[in-house]
Structures are given as C-alpha cells and as structure tokens.
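Biologist: Could we go through this model together? I should like to start with the strands and then move on to other parts.

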Amino acid sequence: MDITVKGGTKKQRELSLSIAYFCVGMLMPRMQSLNVEIFLKKFTAEDPEVNETDHGYAIPTEDEAYPRFFEIEVNKNVKLRRVLETVAHEMVHVKQFARGELYESTRLGKHRWNGKWLKKNPDYWDQPWEIEAHGREIGLFIRWAEKEGYSKRKWVKDA
C-alpha cells in the first residue's frame, strides 16, 4: 500500500497522510494493494473539475471494476479541520470504488451503486455514495484525532 501527499504546507501533508492511513485501517483493513495520491491545492473557478466552493474529490485512475489506483484533490485553502475531514470523506469514496460498491461509467454517464445501475443520477445530496461519505467523515476525523491525541486542540474543537 502506498499513500503520498503533495502540495499544501508541511503540517497539512503530515496530518493528511496520517488520517488517510487511519481511514484505510478503519474502512478497508485487509486492503493490501492500494495506491493513493493526495494533492493539496488551491481550487479556483477556472479549474474545470472543481470550483473554489468545493472541498475535494476522489477518482480512480484506472477503469476497473475494483480499481487500486486513485487520485484525491483537496482544497488546501480551508481550515485544517476541513482539509482533514475532506481527506476522510474522499477516503470513503476510495473504499467504495475499491470494493466495487461504486462504479462510474464516464462513457455512459451513469453510476452503478452496489451492483445496480441508477436510471438517472440523483441530486448530489441524494446520491447514496455521498450520503455514506458525509455520514462517516466527521466520525473518522474525531476517532483519528482521539487516537493521535489531538482531541483537545482548538482546530479539533472548532466546527
């Protein structure tokens, strides 16, 4: 397993790497062959994939039913807690793709969730993969912070 973090500050890189490995341990502890590149970067309105209000995204870099290579981009220009919660959120998506729970056909413009093709793509907040990711991101962050001894830090207590 290989996780790398590029961009951002030294502190952002170190903590992002730590929480990413924690998430693998919590979400897919037996997954041995996984390659994740995390890029901490400034999101701008000119970026075709995102805009400055987005926090991040994860995509497999191979078109496989059970991919093992992923790229995550996270907006580095938000509070540290939000950066780390976003890494946790995107690692949930890595788990979904790697386990075959989520598959996105760019050719068809459709998603398959737990083996069933969706007839149409639901609104963002109704997508089952986003419901899971949003539902788990804060719990993963809090459990990581407690494990690492960060639970009393201001950036952990602040929402």
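Modeller: In this predicted model, strand E6 (residues 110–113) pairs with strand E7 (residues 116–117) in the antiparallel sense, over two bridges.

Biologist: How many residues lie between E6 and E7 in the hairpin?

Modeller: There are two residues between them, and Asn114 in that turn has a positive phi of about 50 degrees.

Biologist: Which residue of E7 stands opposite Trp113?

Modeller: That residue is Lys116.

Biologist: And where do the side chains along E6 point?

Modeller: They alternate along the strand. His111 and Trp113 are buried and point to one face, whereas Lys110 and Arg112 point to the other face and are not buried.

Biologist: In what sense do E5 and E6 pair?

Modeller: Strand E5 (102–105) pairs with E6 in the antiparallel sense, over four bridges. One bridge joins Tyr103 to Arg112 in E6. E5 and E6 also form a hairpin, with four residues between them, and Gly109 in the turn has a positive phi of about 70 degrees.

Biologist: Let us change topic. What is the volume of the largest pocket?

Modeller: The volume is about 940 Å³. The lining of this pocket comprises 38 residues, and those nearest its centre are Tyr57, Ala58, Ile59, Glu104 and Glu130.

Biologist: Which elements give two or more residues to that lining?

Modeller: They are strand E3 (56–60), H2, E5 and helix H3 (128–148). H2 gives the most, with six residues.

Biologist: How does the lining divide by class?

Modeller: It has 15 nonpolar, 12 polar and 11 charged residues.

Biologist: Staying with H2, is Lys95 buried or exposed?

Modeller: Lys95, which lies in helix H2 (residues 80–98), counts as buried because its relative accessibility is 4%, and the cut-off for buried is under 20%.

Biologist: What is Lys95 in contact with, leaving aside its neighbours within four places in sequence?

Modeller: Lys95 is in contact with Leu27, Met28, Glu101 and Glu132. Leu27 is itself one of the buried residues of H1.

Biologist: Which other residues of H1 are buried?

Modeller: The others are Gln12, Leu15, Ser16, Ile19, Ala20, Phe22, Cys23 and Val24. As a general point, an α-helix has 3.6 residues a turn, so residues three or four places apart point the same way.

Biologist: Last one: what span should helix H1 have?

Modeller: Helix H1 (residues 10–27) has 18 residues, so at 1.5 Å a residue it should span 26 Å. Its end C-alpha atoms are 26 Å apart, which agrees.

Technical notes. Residues are numbered from 1 along each chain as its sequence is written. This is a predicted model: local features need pLDDT of at least 70, side-chain atom pairs count only at pLDDT 80 or more; totals for chains, interfaces and linings use all residues. Side-chain values use heavy atoms; hydrogens and water are left out. The expected span of a helix is 1.5 Å times one less than its number of residues. Buried means under 20% relative accessible area, exposed over 50%, partly exposed in between (1.4 Å probe, protein chains only). Contact means heavy atoms within 4.5 Å. On a 1 Å grid over the protein atoms alone, a cavity is a set of points where a 1.4 Å probe fits but cannot get out, and a pocket is an open set with protein on both sides within 12 Å along at least five of seven lines; lining residues have an atom within 4 Å of a point. Grid points are joined across faces, edges and corners, and a volume is the space filled by probe spheres set on the points. Ala, Val, Leu, Ile, Met, Phe, Trp, Tyr, Cys and Pro count as nonpolar, Asp, Glu, Lys and Arg as charged, and the others, Gly among them, as polar. Two strands pair if DSSP finds at least two bridges between them.
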